[in-house]
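I open these notes with the packing of side chains, taken one topic at a time.

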2 protein chains.
Amino acid sequence: MTTWQRARGAATTSQLLDVVRSGGPISRVEISQRMNLTPAAVSFIVRGLLEQGLMEEVGRVASNGGKPRTLLAITPGARYGVGVHLGSEETIYIVSNMAGGVIGRLCCARRPDLSPSDTVDTIARDIDVLLNALGMKREGMVGVGIVAPGPIDYPAGRIFGNPSLGDWSSFPLRDELSLRMNLPVVVDKDATAAAIGEFWGGRVDAPLSFACVYMGQGIGSGIVVDGSAFRGSTSNAGEIGHVSLDVHGELCRCGNRGCLELFAMPATVVRRARERGMDFSGVRPASEARLFDEISRRAINQDALALELVRESAEYIAEGVLTLVNLLDLDQIVLGGPGFAVAGAIYVQAIRATLEHRFFARRAHAVEVQFSKHPRDAAALGASALVLQHELAPRP
Amino acid sequence: MTTWQRARGAATTSQLLDVVRSGGPISRVEISQRMNLTPAAVSFIVRGLLEQGLMEEVGRVASNGGKPRTLLAITPGARYGVGVHLGSEETIYIVSNMAGGVIGRLCCARRPDLSPSDTVDTIARDIDVLLNALGMKREGMVGVGIVAPGPIDYPAGRIFGNPSLGDWSSFPLRDELSLRMNLPVVVDKDATAAAIGEFWGGRVDAPLSFACVYMGQGIGSGIVVDGSAFRGSTSNAGEIGHVSLDVHGELCRCGNRGCLELFAMPATVVRRARERGMDFSGVRPASEARLFDEISRRAINQDALALELVRESAEYIAEGVLTLVNLLDLDQIVLGGPGFAVAGAIYVQAIRATLEHRFFARRAHAVEVQFSKHPRDAAALGASALVLQHELAPRP
């Protein structure tokens, strides 16, 4: 019967590692309860992980009348991964350990004049710079996770690019980076990585279904269901920025009309501020990201026009989140990405109010809305987590 | 290593049964390839299912040089389930077998004057009437699946009801029906059941992610990912009818504005037809469902006004489907429910055109749009499938 149940259990090594990372130190008995696995199956998987040095026994606690229970925890320094977030204005590099701890970080302005191939050369050099500074070596890394805005071609390990990244559709990103680094590489969507980063960083508890709504230059979302990324058919799920809020509205570059991005993204808020005469003299550099941060700062400081503009953006994002939650019936929303770094509180408030009064299944349960623990780095951290997950527990 | 992989495998008995049902007759080797399971794990699970009489060996095929492979198939008559679809105008009952075959069907007008308790008495009597007519007994049934429009309270086995069903929120539906029938009962959402019904009925291949968009009085959708219902936190996922197509639009009963239902549901099409002077004399009974069928029939027969009205409804539904696909990155859309029974072709066409030109990840993959095999009965058939799945392969 135990083998039967083991064969049937939906547990993967990667899920068990996640439970120990987010819930440890934890006993085998607790793991078996949380994962609906038999004690025999848990012991078996744990034995393998102990042998690989991925987790360790860290102490004992008394249990009711029985023999003391041994507690297990992740061995943080057992393995390391590199995460790369390819954004439109900058590239962020993170080296993280098994426990989601950030060992090192590097942020470089992206050179938009470079071809995909030259960009990948630069990325490989930047990773070496970061590793050298940390006194680490390529060979000590499990691999590299690289993430970018969607759409992506997940099976092929490619990204398509967008107007600010350029056209990457014919460039074999995964294979080229892997060749230059001599390491395994996984390619994924930035918002999916941000969601995994929140989970991996311990912000979100294991059994929840949640989305990380990510605002950079555009607006996306990554979805995690029961601790695993929900990818859809080709890892392109979660495109909240292209949910139409007005089907007869303005045409978007994606081909759809009235997309959320058009109403709420930083560039739109900056344009509206300019149209309404907001003074940006002295704000340098006058990039969209910098100006949006400035408007966000003024909104937090109660500047009436800035507050109105940021609230408007927040209310449109709340509409998109409502649609996301009505379709996926999520427990929790986490806001991440540089767009929420300054005025996140205003966005949290708007989304909470909308879900409280208009979520279709609000009589069945409430939806929590939270703010990211590391809004600027979630995608890069998640990229590193993705390659650690991928290389430590590949599917059979 | 094999036990390790078995312990890790995401396979459940229920998934294996699904693979055999939708892909059988099939050999153990093929099952192991499709499910990414070791041959040892497949043999182990199959042995249990053969012992329970749920599947059988049906023949052998030669394999390349090796010994002939034994083919496995579901034993259709091994178990039976009862499905009940509680709709606003009628209640549909289906008795189905393990293979998704319909053994018997009963359709009764719903009496809106009855309380939830009296309605459940009626349901229990109707089920007995159907079983008697089939020469079957309650004891031969695995259980009863009952489904209704959302929102529902899945963990508690309750439905909330709506304006046409009345208020069911304080009525313990699962427990009361189980008491009257002396059988296990599962309660779920009609659109989720319809999606499972499509899958169970063999319309959709196993590894796909798809949604069944269901139009009855309202519009909902059920989502299946890798062969299992995607339920979200409380089985309320898929509320496409309450996706806003115009965030500044008309207020909906759900609290949101500009919901898809308001633009596209049968009642709206009937109202618009009346406003534009369409003649319904002689159409009996003059119920909304009947009048909508009539408009749909005229549209199919190229009546200009009817065609315009149905196309308008179809285009709005296409907008909602686009949002659903952008958020879930699905492979396939299946249209089910009585609302699509007559003019489904017009809806299929509109959705195909929209996805082809405006799906965000269209460069990554196409989305297939199909028409249900049993548009009126998918939810009741799925309800029966849900109780069969639930009782045959409960989670550990």
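I first fix a term: contact means heavy atoms within 4.5 Å. The model is predicted, so to speak of local features I need pLDDT of at least 70, and side-chain atom pairs count only at pLDDT 80 or more, while totals for chains, interfaces and linings use all residues. Residues are numbered from 1 along each chain as its sequence is written, chains are lettered from A in the order in which they are written, and side-chain values use heavy atoms, without hydrogens and water.

**Helix 3 of chain A**

I take helices (H or I, at least four residues) and strands (E, at least two) as DSSP runs, numbered from the N terminus. Which residues of helix 3 (residues 28-35) of chain A are buried (under 20% relative accessible area, 1.4 Å probe, protein chains only; exposed is over 50%, partly exposed in between)? I found A:Ile31, A:Ser32 and A:Met35. They lie on the same side of helix 3 of chain A, because their arc (of the directions from the helix axis to the C-beta atoms) is only 95 degrees. These buried residues pack against helix 2 (13-23), strand 1 (26-27), helix 4 (39-51) and strand 3 (69-74) of chain A.

**Nonpolar cores**

I looked up nonpolar cores, sets of buried Ala, Val, Leu, Ile, Met, Phe, Trp, Tyr and Cys residues joined through side-chain atoms within 4.5 Å. The largest has 111 residues, of which A:Ile317, A:Ile333, B:Ile317 and B:Ile333 touch the most other members. Helix 11 (residues 304-328) of chain A gives the largest share of this core, 15 residues. Apart from this core lies another of 42 residues, including A:Leu16 and A:Phe210.
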